[in-house]
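User: Please take one part of this model and look at it closely, then set it against the chain as a whole. I would like the cut-offs behind each term to be stated as you go.

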Amino acid sequence: MPEIWTLLAALTKLGLYLGALNAVGRVLVATVFAPDLSLSALRRGALAWIGVAVFCAVAGFGLRAAELTGALSGLWDAEMLSLLWGTAAGNALTWRLAGLAAMAVGLMFVSGWGPWVALAGGAGVLVSFARVGHVADLDLPWITALLWLHLVAAAFWIGILAPLIWLTVTPGDSAPAVRVGERFGRIAAVALPVLGVTGVVMAWWLVGSVDGLLTGYGLWLMLKLAAVLAFLWLGAANKLRHVPALAAGAPGADMALRRSLRLEQGAALLVLAATAALTSFVALPG
């Protein structure tokens, strides 16, 4: 049974995943769908998620110290925190805070160099996830590159869900939701293979064999896979059924799309929760 510090660290990691991927996703979505979405709403949302990510990143780092000392005082133990700062965890925190700060600065400026700074910061945030954890332990550049591509696709997909929901509640005008939904469907035709192939390759490399699927790590991995399949199935339903129905003006199509998008958000939350467990207190197969 994981100790309380490990469980708290897993919760902060879940918050970090939600904050970072939503923030990076909003920046990517603002870049691609600017004409049909409110940039001010995207910017406010991204800044709020950046705040969540910063809090959870710092709290998670402190909880590592508390876990090592076995006491709450580890959260502010200067000596322990200093030692941790020189490890991979400290390196990852540096990348995260620097990337999140660059995103926040870039979001303050909607034109000129602002969007580029925000995108560069987002790239740095995603790189931070390859600086610590199971993938980092493998020390294989090509696996690191796969993880980064995987995270870009995931951030973009997660980032589009809330803006699409906003568009479906606009009374009397479904055209923007249809345009964004149809365009995202075309992008998803590329994002889906990227998510699938990179995820399967990394999972297989970490598990190592069919027998590895029967371990605790393998069972959590299959739980994550089930949530991923639900996430992708809902996305396919949006592309093939709900968005075309909205474009055709079918009664209730906006509500059906909105309900599907919210279910997709729930599936994404399950995926991230399983990922937090896999990277926090579930050991790799021996």
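Analyst: Contact here means that heavy atoms lie within 4.5 Å of each other. This is a predicted model, in which local features need pLDDT of at least 70 and side-chain atom pairs count only at pLDDT 80 or more, while totals for chains, interfaces and linings use all residues. Residues are numbered from 1 along each chain as its sequence is written, and side-chain values use heavy atoms, with hydrogens and water left out.

The part I would choose is Ile-143, which has its place in helix H7, residues 141-168 (helices are DSSP runs of H or I with at least four residues, strands are runs of E with at least two, and both are numbered from the N terminus). Ile-143 counts as buried because its relative accessibility is 1%, where buried means under 20% relative accessible area, exposed over 50% and partly exposed in between, with a 1.4 Å probe and protein chains only. Once its neighbours within four places in sequence are set aside, Ile-143 is in contact with Val-135, Leu-138, Met-202 and Trp-205. Gly-86, by comparison, is 57 residues from Ile-143 in sequence, and their C-alpha atoms are 24 Å apart.

Helix H7 also bears on H5, since H7, H4 and helix H1 (4-32) are among the elements that cover the buried residues of H5. Those buried residues are Gly-114, Ala-118, Gly-121, Gly-122, Gly-124, Val-125, Leu-126 and Ser-128. The end C-alpha atoms of H5 (residues 114-128) are 21 Å apart, which agrees with the 21 Å that its 15 residues should span, the expected span being 1.5 Å times one less than the number of residues.

H4 (residues 88-107), another part of that cover, holds Asn-91, and with a relative accessible area of 29% this asparagine is partly exposed. Beyond residues up to four places away in sequence, Asn-91 touches Trp-85 and Arg-131. Phe-55 lies 36 residues from Asn-91 along the sequence, and 17 Å separates their C-alpha atoms.

Towards the end of the chain, Val-282 sits in the segment after helix H10 (253-278) and is buried, with a relative accessible area of 10%. Not counting residues up to four places away, Val-282 touches His-134, Gly-216, Tyr-217, Trp-220 and Ala-277. Val-282 and Leu-14 are 268 residues apart along the chain, yet their C-alpha atoms are separated by 15 Å.

Turning to the whole, the protein has 10 helices and 0 strands, and its radius of gyration of 20 Å is close to the 19 Å that the globule rule gives for 286 residues, so it is as compact as a globular protein of that length (the radius is taken over C-alpha atoms, and the rule is 2.2 Å times the number of residues to the power 0.38). The C-alpha trace spans about 60 × 45 × 35 Å along its principal axes. Of the 286 residues, 45% count as buried, and among contacts with a separation of 6 or more, 74% join residues 24 or more positions apart. One of the helices, H2 (residues 39-69), has 31 residues and reaches 45 Å from its first C-alpha to its last, close to the expected 45 Å, and just after H2 Gly-70 takes a positive phi of about 75°.
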